[in-house]
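Me: Please take a close look at one helix in this model, and then place it within the rest of the chain. I would like the cut-offs spelled out as you go.

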Amino acid sequence: MEPLSPAFTIDLRRLTVLRELQRRGSLARTAEALHLTPSAVSQQLAALARDLGVPLTERDGRGVRLTGQARVLLTHADVIAAQLERARADLAAYGDGGRGSVTVGCFSSGILGLLPTALRALGRRLPRLRVDVVQAEPPDLFTALDGGQVDVAVAVDFAATPPHTDPRYSRTDLLTDVLDVALPSGHPLADRAQVPLRELAMDPWIVGSGSSCCGAVTRSVCAAAGFTPEIRHAVDDWAALAALVEAGQGVALVPRLVRSLYAHRDLALRPAEGEPPSRNVFAAVRAGAEGDPVLAAVREELARSAADVVAALRG
């Protein structure tokens, strides 16, 4: 490697590739997330290493791992990205902040139970603002947030979600979404006021895919109750899940965010016995973007919508 130049510059697109490699852990997964080939990822990393004059990756069996220099660089990468977002926010605040477009990425039950109220309020508050919604979950949701394809990420805390302390994001906690047990109307436990989850260990289960937030949460909740569920059906669509429960094909955990979908179904929704299983729902923007007036408005309306949801469920 050439010695570090005092006038060196960093290509931010290449830095994004390095950040994604840190998140994904392999060239193949990084390439898939960024819609590149592994060869293109390697070329971007090699070019960044040449620009800086330091090695960024080293062989690790059949894969690669980050060098110490790469990890040092990544601590600065978060600061660089946050400062760019602050510059963007300051420029947005210079104008009236009510024009342009925002893309919100959100998980399916959040789109059903949280976004409609927030979007209506935003339409009244900022009528010239265009809001696009895409359904996405971690880790792809945060890859899109890092890359600018998404401006606000609405997500659930689970294994694939960045930790609460991740400096790359500014988070706003929205609500705690409780999961209820969905049972066929003729199930022996359908008349119980509360359902002990351990008594469902021998039932067939209807669960979302393992990569989905609700699928992952259901699996962890069952494990905490002392059993591994027999997954008969893997379904990520809430209306389809309701139809299968109604048809007596299994039991499921259902978030209260989508409770309205089940109002006219011939099935029983019961709280779980003891401490109810739940998931934390939050909104995130890139660190440094907190001052953007449009993004601030989006987060404010999401928080108001979440408060309305919580109040309605209590009522």
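Reply:
**Helix α10 and its surroundings**

Helix α10 covers residues 293-314, and because a span of 32 Å is expected for its 22 residues at 1.5 Å a residue, the 32 Å between its end C-alpha atoms agrees with that expectation (the expected span being 1.5 Å times one less than the number of residues). Helices here are DSSP runs of H or I with at least four residues and strands are runs of E with at least two, both numbered from the N terminus. The model is predicted, so local features need pLDDT of at least 70 and side-chain atom pairs count only at pLDDT 80 or more, while totals for chains, interfaces and linings use all residues. Residues are numbered from 1 along each chain as its sequence is written, and side-chain values use heavy atoms, with hydrogens and water left out.

Within α10, the buried residues are V294, L295, A297, V298, R299, E301, L302, S305, A306 and V309, where buried means under 20% relative accessible area, exposed over 50% and partly exposed in between, for a 1.4 Å probe and protein chains only. As background, an α-helix has 3.6 residues a turn, so residues three or four places apart point the same way. The cover over the buried residues of α10 includes the strands β3 (101-106), β5, β6 (169-184) and β11 (278-286), together with the helices α5 (108-113) and α6 (115-125).

One of these covering elements, β5 (residues 152-156), has the highest mean pLDDT among the elements of the chain, at 97, whereas helix α4 (residues 68-94) has the lowest, at 80; pLDDT is the predictor's confidence in each residue, from 0 to 100. Over the whole chain the mean pLDDT is 90, with 95% of the residues reaching 70 or more.

The setting for α10 is a chain with 10 helices and 11 strands, whose C-alpha trace spans about 75 × 55 × 30 Å along its principal axes. Of its 315 residues, 47% count as buried. Among contacts (heavy atoms within 4.5 Å) with a separation of 6 or more, residues 24 or more positions apart account for 73%.

For contrast with the buried residues of α10, R62 is exposed, with a relative accessible area of 88%, and this residue is found in the loop between β1 (57-60) and β2 (63-66). R62 and S26 are 36 residues apart in sequence, and their C-alpha atoms are 9.9 Å apart in space.
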